[in-house]
Structures are given as structure tokens and as C-alpha cells.
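Let's take a walk through this protein together, going from ring to ring and from helix to helix. Have the sequence and the 3D view open as you read.

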Amino acid sequence: MQRFIRLIAFVLVTVLLLAVVLDWVYTTIFKQSSTRGKIEYVYHASPQQYDVVFLGSSRANNHFVAPLFEAKGIKTFNYGMSASHLFEASLLLKLMVERHFVIKNLILETDLNLANEKRDAGISAQFLPYLHDSKIIKEHFAQEHDFWELYYIPFYRYVAFETKIGFREMNRSWRGVPTNYLENLGYHPLSGKKKGNMKNDIRALNPLDNKYYKEIKAICKAHHIRLISLMTPMCSNVKGMDYFDKVKSKYPEIYNYENAVEGDQYFSSCGHLNDEGARKFTRIIMKDFFGK
């Protein structure tokens, strides 16, 4: 019996030591990588100065053509991330401020993402390699239901989110395999051909008194950043378009551009403009807010 107990103890200690070593290896590799994604790019960035920064989900990433701003002498970058929520947008802005980014204008895509306060598992996982290294990231995750496991169990976060920060991503980071996330100043153009669903039903959505939107507003006020919150276009075949009226009623400061681009030929899917539509929309925003 004693031999069995000693064997179990040996196995447990070995597994724990292996988890600690693997956690250190993965974390060290991710902390040395800075060009595979927008999160790690900001995390490792030196102080930057921007006239305009974009934040939001894919409806920011695919809708704001940053090179059009640059062509007019407006220094900019699109930090929108497909699938992200305001949880991630707020945290990314906190990291920018901590790294002494000087931002004159923040254009925040604020529409469908107001309907939840959850984090996106895939996008938020990309912050986790820095969980022990960054007080800001730790505090941002502190109220999450799985924080204890993520923070205190060695290597747990890499196993739990293996598809995003597991072996494959660690290996690519170690080898410096490039991605296209930072190309086109962060803007990701979509094909002119309609590939996605050209119908949408958002009748179940309701804008919340969203704490992460409040955080973003507070950060902008404290650091003298002009916040331009707006709703971006959707195709004509949407059920529940009164959602945008609900947003406007709850948040009068948010500009409603959901019908700024009309015609399904400008959409790649119902909720995402194609490149032609994005350029049309971007020129509208440039004219309305920057006189360009």
C-alpha cells in the first residue's frame, strides 16, 4: 500500500513539474513573439502616436479601410479583431494606454457587441500567455468564472485553449511564421463576391448597460481621447433592425450608420461589407468626422 501511495505521489509530482516547465517554455516563446497578431503587437509595442485608432469586432476589422486615412495624412491603424467583443476591445485599449500610446481619436464599432458582456474564448485566449506578466490583464480577467484555474494551475490555460495558444500556435510563434493580421494597417478586406449568409435575424438582441463600453468611455475621458462610437452597415435583409433604434435610445452619443451603405452588391455577407463597400463607408466616415 505504501509503495502504491509513493507511486501516486511520484506521478503527481512529476506531472506538476512537467506542467511548470511546459508553462515556462510556452510563456517564454509567446513573450518573445510580436508580429503574429494584434494583441501581441500591442503588448510588445513601444510608444506610438496615432491620429485615429479603430477598435471593435469584424465589423470594424472589415469595415474601416485604414490605408484611405493614411493616404490623407491621417496616421492610423485598425485594431479591430474578428469575433472579439467589448471585453477584448477594452483590455486592448488599456494596454495601449499603459504603453503610452498617444491617440487623438478612437473610432469604436459599437453595435451588436453591446448585447453581451462575455469574452470571446478564442480572442481573449491570446492575452493569456501574459496573465502572470501583466497586472492589467490579470485584473481584467479577475472576475471571470475560471480565473482561479487560469492563473494558479500551471499550463492549464494552454490546454484549455489549445486551438488558440496550444502547441501549433506556440510552434509558429517560435519559428516566426508570418500572418496577414498586421497587413493593410490592420484592415482586412473581404471579397466582392457574396460568400456568406445574406440574411440575418437580430430580434433576440438587446443592448445592455455594458460595463466594458463604460470602461472604454472612462479611459478615453481620462486620457483626452476623442471617442467616436458608431454602428456600422448591415444588408437590407435583416429582421430586427429596431435593435439599432434601441441602441440609439440607450446611448444617444452613438452614431447610427447601419444604413449608410445600401445595396447588397456592397456586402460579402449580411453583416460585413466587401472591400468596395468598406471603401465607400470609410469615405463617408472620413468626410463626416475629419472633413476629408
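**Rings, a core and a bridge**

A good place to begin is Y43, where R99 lies over the face of the ring, 4.4 Å from its centre. Please keep in mind as you look around that this is a predicted model. A second charge of this kind is K248, which lies over the face of Y255 at 5.8 Å from the ring centre. Y255 also belongs to an aromatic cluster, which it forms with F54, F64, F69, Y257, F281, F289 and F290.

Aromatic rings come up elsewhere too, with 23 aromatic pairs counted in the model. Take Y26 and Y158: their ring centres are 5.1 Å apart and their planes meet at 55 degrees, so this pair is tilted. Y26 sits in helix α1 (residues 2-31) and Y158 in helix α9 (residues 156-160), so the pair ties together parts that are 132 residues apart in sequence. Both of these tyrosines are buried. For another geometry, turn to Y243 and F244, whose ring centres are 5.7 Å apart with planes at 85 degrees, so that pair is edge-to-face.

Y243 and F244 also lead us to helix α13 (residues 242-250), where the buried residues are Y243, F244 and V247. These cover an arc of only 100 degrees around the axis, which puts them on the same side of α13. Look at the other side of α13 and you will find D245 and S249 exposed. What do the buried residues of α13 pack against? Their partners are α3 (58-61), β5 (226-231) and β7 (255-256).

Now for the core. Nonpolar side chains tend to be buried together in soluble globular proteins. Here the largest nonpolar core holds 87 residues, and the members that touch the most others are L55, Y79, M96 and I107. Helix α5 (residues 86-98) gives the most to this core, contributing nine residues. To see how one member is surrounded, select Y79: beyond its neighbours within four places in sequence, Y79 is in contact with K38, Y41, V42, Y50, V53, F54, L55, L92, M96 and F101. F54 is a name you have met already, as one of the residues in the aromatic cluster.

For a position with another setting, try E215 in helix α12 (residues 211-222). Is E215 buried, exposed or partly exposed? Its relative accessibility is 25%, so E215 counts as partly exposed. Apart from its neighbours within four places in sequence, E215 is in contact with S90, K94 and H140. R119 is 96 residues from E215 in sequence, and the two C-alpha atoms are 15 Å apart in space.

Our last stop is the cysteines. A disulfide is a covalent bond between the sulfur atoms of two cysteines. A search of the whole structure turns up one, and it joins C235 to C270 with an S to S distance of 2.0 Å. The torsion about this S-S bond is about -70 degrees, so the disulfide is left-handed. It links distant parts of the chain, 35 residues apart: C235 is in the loop between β5 and β6 (238-239), while C270 is in the loop between β8 (267-269) and β9 (272-273). With a relative accessibility of 2%, C235 counts as buried, and C270 is buried as well, at 1%. One more cysteine, C220, is also buried, with a relative accessible area of 2%.

Methods. Residues are numbered from 1 along each chain as its sequence is written. This is a predicted model: local features need pLDDT of at least 70, side-chain atom pairs count only at pLDDT 80 or more; totals for chains, interfaces and linings use all residues. Side-chain values use heavy atoms; hydrogens and water are left out. A nonpolar core is a set of buried Ala, Val, Leu, Ile, Met, Phe, Trp, Tyr and Cys residues joined through side-chain atoms within 4.5 Å. Buried means under 20% relative accessible area, exposed over 50%, partly exposed in between (1.4 Å probe, protein chains only). Helices (H or I, at least four residues) and strands (E, at least two) are DSSP runs, numbered from the N terminus. Contact means heavy atoms within 4.5 Å. Rings of Phe, Tyr and Trp (its six-membered ring) pair if their centres lie within 6.5 Å; planes under 30 degrees apart count as stacked, over 60 as edge-to-face and the rest as tilted. A charge sits over a ring if NZ of Lys or CZ of Arg is within 6 Å of the ring centre and within 35 degrees of the ring normal. The arc is that of the directions from the helix axis to the C-beta atoms. A disulfide is a pair of cysteine sulfur atoms within 2.5 Å.
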